[in-house]
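Visitor: I would love a close look at one part of this structure, taken slowly and with its surroundings. Could you walk me through the helix that comes early in the chain and then outward from there?

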Amino acid sequence: MTHFLVTGASGLLGLNFCLAVDGKKHKVTGVDYRNPLKWINFKMQQANLTKPGAIERIINEVKPDVILHCAANANVDDCESHPEEAEAVNSILPGEIAMAASNHKIRMIHISTDAVFDGEVGNYSENAMPNPLSVYSLTKLRGENAVLAVNPQALVLRVNFYGWSISGTRSLAEFFVNNLAEQKQLKGFTDVVFCPMMVLDLADTILEANEKGLNGLFHCVGPEVMSKYDFGVAIANQFEFDPALISPTSYLEGGLVAARSPNLTLCTDKLTAALGHPLPAFQPGLKKFQSQYRHGFPEMIKTLVE
Ligand SMILES: NC(=O)c1ccc[n+]([C@@H]2O[C@H](COP(=O)([O-])OP(=O)(O)OC[C@H]3O[C@@H](n4cnc5c(N)ncnc54)[C@H](OP(=O)(O)O)[C@@H]3O)[C@@H](O)[C@H]2O)c1
């Protein structure tokens, strides 16, 4: 049994990882900050990790085997308005955690993003040259570089995922479900393509990559390419909502603050070769997402911060 220290445990990935893994597969201790969790079975630490000494104190207290670093400012438009804060949490903090992990001989898994690319070409491999378009993507790229510079044994995963979050608003999938359930008209971008992975599939893939002892940079996204519009329609069909509520639209008409990369598809050949099998398929992941909805999981996790 591995003891994971999970930063960003109140966030979309961190919380789902902790709930799926703790006690069933491994032990976890989470770190939250502005949204402290209640009513959970795993141990928590509350900290602003950008404060000097915070990660060192937690490592000394928790003594984990692995640090899974999910904490970030992952709100693309907020990063654009607060570039210095984004730099502190997305660029500097990962390097500090990587250094601390190395000093303590603890394995580190760092979560990065598909958005480091400009999206002109798509199907990017780990050798392709990043070209970040926004403060978020630039700071995330600096973060992964900082990790690997001081801790080449770390595993860095560029991901894209969806699932249920405590705010109910963190993932695009939640946006579609929330609006479709209320029969609201909404827009789906036909000219932004990506490779979404259900967060529980990502949690399993992280565990497997850790068990295999992978290190260095890997792309870890779903095996199927789709537009954001197609993603919305797939959700509507799975949940038996009306797909005609989603209007096909260009992202150029979307009124977004930060620049977006139109083609965020990543090549995952390196990871599939290392794991020895394909990455989890889209449709079964979507079924799990809907099954959680039917069983009241989105409502349950909201109560964890009330
Ligand atoms: N969501 C996606 O589709 C997506 C796509 C690609 C990559 N990623 C990457 O995946 C990772 C997880 O993303 P997510 O969507 O799960 O993020 P999220 O839901 O926005 O959660 C962010 C987490 O970071 C914590 N945090 C922020 N600043 C902190 C600080 N100074 N000290 C301690 N904790 C802090 C937050 O804690 P509090 O809320 O308690 O303050 C929260 O738990 C990030 O690295 C993100 O860049 C996400």
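Guide: Happily! In helix H1, the buried residues are Leu 12, Leu 13, Gly 14, Leu 15, Asn 16, Phe 17, Cys 18, Leu 19 and Val 21. That makes nine of the ten residues of H1 buried, so the helix is mostly covered. Please keep in mind throughout that this is a predicted model.

H1 spans residues 12-21 and, together with strand S5, is one of the elements that give two or more residues to the shell around the ligand. The largest share of that shell, three residues, comes from H1. The shell holds 31 residues, of which Gly 8, Gly 11, Tyr 33, Arg 34 and Ala 72 come nearest to the ligand. Sorted by class, it has 14 nonpolar, twelve polar and five charged residues.

Now to the end of the helix. H1 is followed by Gly 23, which has a positive phi, near 80°. A little further on, His 26 sits in the loop between H1 and strand S2. His 26 has 15 C-beta neighbours inside 10 Å, and therefore counts as partly exposed. Setting aside residues up to four places away in sequence, His 26 touches Met 1, Thr 2, Phe 4 and Val 21; Val 21 is also one of the buried residues of H1. The C-alpha atoms of His 26 and His 3 are separated by 6.3 Å, although the two residues are 23 apart along the chain.

His 3 brings us to strand S1, residues 3-7. Four of the five residues of S1 are buried, so the strand is largely enclosed by the rest of the structure. On one side, S1 is joined to S2 (residues 27-32) by five bridges, and the two run parallel; here His 3 stands opposite Lys 27. S1 also pairs with strand S4 (residues 66-69), again in the parallel sense, over four bridges. In this pairing, Phe 4 has Val 66 of S4 as its bridge partner.

Within S1, Val 6 is a good place to pause. Not counting residues up to four places away in sequence, Val 6 touches Gly 14, Phe 17, Cys 18, Val 28, Gly 30, Val 31, Leu 68 and Cys 70. Among these, Gly 14, Phe 17 and Cys 18 are buried residues of H1, which ties the helix to the strand we have just visited. The largest nonpolar core has 89 residues, and those touching the most other members are Val 6, Leu 68, Leu 157, Val 199 and Leu 202.

Stepping back, these strands belong to an open sheet of seven, ordered S3-S2-S1-S4-S5-S6-S11, with parallel pairing. Its edge strands are S3 (43-46) and S11 (216-220), each of which pairs on one side only. From one strand to the next, the twist averages 20°. Helix H5 (residues 135-150) packs on this sheet, where it touches S5 (107-113), S6 (155-159) and S11, and its direction makes about 160° with that of S5.

Let us follow S5, the other element named with H1 in the ligand shell. Five bridges join S5 to S6, and these strands run parallel. Ile 109 lies in S5, and its bridge partner in S6 is Leu 155. With 23 other C-beta atoms within 10 Å, Ile 109 is buried. Leaving aside neighbours within four places in sequence, Ile 109 is in contact with Val 66, Leu 68, His 69, Leu 155, Leu 157, Ile 206 and Asn 210. Ile 109 and Ala 154 are 45 residues apart in sequence, yet their C-alpha atoms are 5.8 Å apart in space. As for S6 itself, five of its five residues are buried: Leu 155, Leu 157 and Val 159 point one way, while Val 156 and Arg 158 point the other way.

One last stop is Pro 94, which has its place in helix H4 (residues 83-104). Pro 94 is buried, with 32 other C-beta atoms within 10 Å. Apart from neighbours within four places in sequence, its contacts are His 69, His 110, Gly 143, Ala 146 and Val 147. From Pro 94 to Glu 144 is 50 residues in sequence but 7.2 Å in space, C-alpha to C-alpha.

How values were computed: Residues are numbered from 1 along each chain as its sequence is written. This is a predicted model: local features need pLDDT of at least 70, side-chain atom pairs count only at pLDDT 80 or more; totals for chains, interfaces and linings use all residues. Two strands pair if DSSP finds at least two bridges between them. Axes are lines fitted to C-alpha atoms, for helices over the stretch in contact, and angles run from 0 to 180 degrees between N-to-C directions. Two residues are in contact if their C-beta atoms, placed from the backbone, lie within 7 Å. A residue is near a molecule or strand if its C-beta atom, placed from the backbone, lies within 6 Å of it. Ala, Val, Leu, Ile, Met, Phe, Trp, Tyr, Cys and Pro count as nonpolar, Asp, Glu, Lys and Arg as charged, and the others, Gly among them, as polar. A nonpolar core is a set of buried Ala, Val, Leu, Ile, Met, Phe, Trp, Tyr and Cys residues joined through C-beta atoms within 7 Å. A residue is buried if 20 or more other C-beta atoms lie within 10 Å of its own, exposed if 12 or fewer, and partly exposed in between; C-beta atoms are placed from the backbone.
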